[in-house]
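Please open the model in your viewer and keep the selection panel at hand. The stops below move from one selection to the next, with a note on what is found at each.

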Amino acid sequence: MRTIHTVPLLRLTTDNGPPPDQPVRGDGDGGTPPGQAVRGSGGPPPDQPVHGGSLPDWAILVDGERIEAVGPAGQLTQAYPQVRVRRWPGTLGPALVHDGPLPPAPSPRERVHALLRAGVGAVLAAHLTDPAVRAAVARNDLAVLDAVRAPALAAGGRADLAVFADDGRCLATVIAGRLVHRRA
């Protein structure tokens, strides 16, 4: 199922650096020719990659577990009129990488849920020594990494997203395209 996630402010990377060096592209469905960058007048020219920083009124088109396109919210909603649109307050960006031991909790499920409430989409394998915790991480589809890497949003990448309020609270977490946490 396709979903457009839109917010007042979009951050492509957590470290404000550039995402992978390929431009964000459409797939040829809904009015965007294959390989054409999905951009609007407020962004960089179509032949230039989108780089880090915050972009006002941009959105992410998610299809299944992958990011299909990144671009101005108006352009994506016009190009994909039948797609469900989730409008979030705050800032949307890549889900975080948790680089320490999992938080203490009564059960492995609750330890993983604490991460999801914080906007985490990936954990380090070195901190998953308990088989029950590793199983809970797998059930919730968190990415398991050998080393820390800066997450970035790019077409074709896994749809691990997080929405944060101005005060830093995580409002929503999307893992592999699936909404797994939403603060009421």
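Which residue in β13 is the bridge partner of V174? In this predicted model, select V174 and then L179, for L179 is the residue of β13 that partners V174. Widening the selection to the two strands, residues 170-175 for β12 and residues 178-182 for β13, shows an antiparallel pair joined by four bridges. Together β12 and β13 form a hairpin with two residues between them, and in that turn A176 is worth selecting by itself, since its phi is positive, at about 50 degrees.

Next, turn to the open sheet of four strands, whose order is β5-β4-β1-β6 and whose pairing is mixed. Its edges are β5 (66-72) and β6 (84-87), each of which pairs on one side only, and from one strand to the next the twist averages 25 degrees. Within this sheet, select β1 (residues 2-6) together with β6 to see a parallel pairing that extends over four bridges; H5 is a useful marker here, with R86 as its bridge partner in β6.

For the last stop, select R149, P151, A152, R158 and D160, which lie nearest the centre of the largest pocket among the 17 residues that line it. The elements that contribute two or more residues to this lining are β8 (96-98) and β9 (120-124). The space in the largest pocket comes to about 220 Å³, and colouring its lining by class should give twelve nonpolar, two polar and three charged residues.

Technical notes
Residues numbered from 1 in each chain as written. Predicted model: local features only at pLDDT ≥ 70, side-chain atom pairs only at ≥ 80, totals over all residues. Heavy atoms only, no water. Pairing = 2+ DSSP bridges. Axes fitted to C-alpha atoms, helices over the stretch in contact; angles between N-to-C directions. 1 Å grid on protein atoms, 1.4 Å probe; cavity = no way out; pocket = protein on both sides within 12 Å on 5 of 7 lines; lining within 4 Å. Points joined across faces, edges and corners; volume = space filled by probe spheres on them. Nonpolar A, V, L, I, M, F, W, Y, C, P; charged D, E, K, R; others polar.
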